[in-house]
Each structure stands twice: as C-alpha cells, then as structure tokens.
Amino acid sequence: TDALTGLANGRTFEAALDWVWHSSQRSGEPFTLAFLDLDRFKQVNDRHGHAAGDELLRQVAATIGSQLRATDLCARLGGDEFVILLSATGEAAAQSVLGRVFDALTALLAEPWDAGVTLGAVAFTSPPENARQAVQLADALMYAGKAQGRGRMTLRVWPESAADEG
C-alpha cells in the first residue's frame, strides 16, 4: 500500500496486472489499463507547499476511488503518477468509468490548485504479447497526451484493427 494515499503501490499493481493479463489470455475477456499524471503538480508544491501537495494527492486518490467499481484497481506509482486497471472491461465501459474519473479530477484540480490531469488508456480486446507491453502502450499514450497540450483523456483500442471490425 502507498503510505501517503492508501492506494495500491507499484508492486501490488504489477501483480494484479499479471493476473489480469493471464486471465485475459485464458478467457478472452478484455481489460483496460490507464495511466494518469497530474499537470502542473510541481507548481502546486511550489505555490502552496509540500504539505498541501500531499493533501492534494490524498484528495486525488479519494476522488479516483469514488468513481471506480469494487473490481477496479488504482495504484500510485510515485510522485503524481497513477494507474488504473479495469479487469473484464472493454472500450465502452472503460470510456464510461474513465470519463467519470477524468471529469471528477478536472473539477477537483481546477480551483484553487490551477492543476489538471492527462489520462491515457488502452482497452485491450485481446491481451498484448506480455503485461509489460500493456504498460508501455498505456504509458506512451499518456505521454502523447501531455505532448499534445495536457488536460486530456485519450482512449485507444488494441489491437487497433479490433475497433474497425465492430
């Protein structure tokens, strides 16, 4: 458990992702992996102090948790980076759940913090080659959102051809 936020930590997340990835291989059920990073969090610490930044991280964790289902997992990977794992969840359900998370965080981070959130998610209709590839794809999508101007949520389907078939 992450000591500051009470969320799962990176080790717990890796174990859960490994289990979901193996389960998806066996059952064919989809899953979704989302990475999110707070925008302008360093400025929050600079303007309001580290104690306020820590309180904001706790509020972010509580806000995410209030929008997730009991079967979902949220972990803090460190600093202001979080990951959400949605087992047995395809694109439509992921869009709904993650849209609520994104909207709630956007509202929380606006005033007085002047911060934001960038979220990149991949809905896997079939498992990638390994769990590490799932992490790389979702993480890259989050960083692409940052490069495109931050404050956005991007959800992609993998493999991409699966979105074209349905």
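Read along the sequence, the chain runs α-β-α-α-β-β-α-β-α-β-α. That order is built from 6 helices and 5 strands. The model is predicted. Its radius of gyration is 15 Å, which agrees with the value near 15 Å for a compact globule of 166 residues. Two residues are picked out below: D72, in a loop, and V122, in a strand.

**Overall dimensions and packing**
- The C-alpha trace spans about 50 × 30 × 25 Å along the principal axes of the chain.
- Of the 166 residues, 46% count as buried.
- Contacts reach far along the sequence: among those between residues at least 6 apart, 74% join residues at least 24 apart.

**Surface and charge**
- The chain exposes about 8,000 Å².
- Carbon and sulfur atoms supply 49% of that exposed area.
- The chain carries 14 positive and 21 negative charges.
- The mean positions of the two sets of charges are 4 Å apart.

**D72, a buried loop residue**
- D72 sits in the loop that links helix 3 (50–67) to strand 2 (73–78).
- Its relative accessible area is 11%, so D72 falls under the 20% cut-off and counts as buried.
- The D72 side chain makes a polar contact with the side chain of R69, at 2.8 Å.
- Leaving out residues up to four places away in sequence, D72 touches L85, L86 and V97.
- The picture for D72 thus combines a loop position, a buried state, and a side-chain polar contact with R69.

**V122, a buried strand residue**
- V122 belongs to strand 4, which covers residues 116–124.
- With a relative accessible area of 4%, V122 is under the 20% cut-off and therefore buried.
- Residues up to four places away aside, V122 touches F31, T32 and L33.
- V122 also touches L137, A138 and L141.
- L155, R156 and W158 complete the list of residues that V122 touches, with the sequence neighbours up to four places away again left out.
- V122 and A75 are 47 residues apart in sequence; from C-alpha to C-alpha they are 16 Å apart in space.

Methods: Residues numbered from 1 in each chain as written. Predicted model: local features only at pLDDT ≥ 70, side-chain atom pairs only at ≥ 80, totals over all residues. Heavy atoms only, no water. Helix = DSSP H or I, 4+ residues; strand = E, 2+ residues; numbered from the N terminus. Rg over C-alpha atoms; globule rule 2.2 N^0.38 Å. Buried < 20%, exposed > 50% of the residue type's maximum accessible area, 1.4 Å probe, protein only. Contact = heavy atoms within 4.5 Å. Areas by Shrake-Rupley, 256 points an atom, 1.4 Å probe, with all protein chains shown as cover. Lys, Arg positive; Asp, Glu negative; His and termini not counted. Charge placed at Lys NZ, Arg CZ, Asp CG, Glu CD. Polar contact = N/O pair within 3.5 Å; in protein donor to acceptor, adjacent residues only side chain to side chain.
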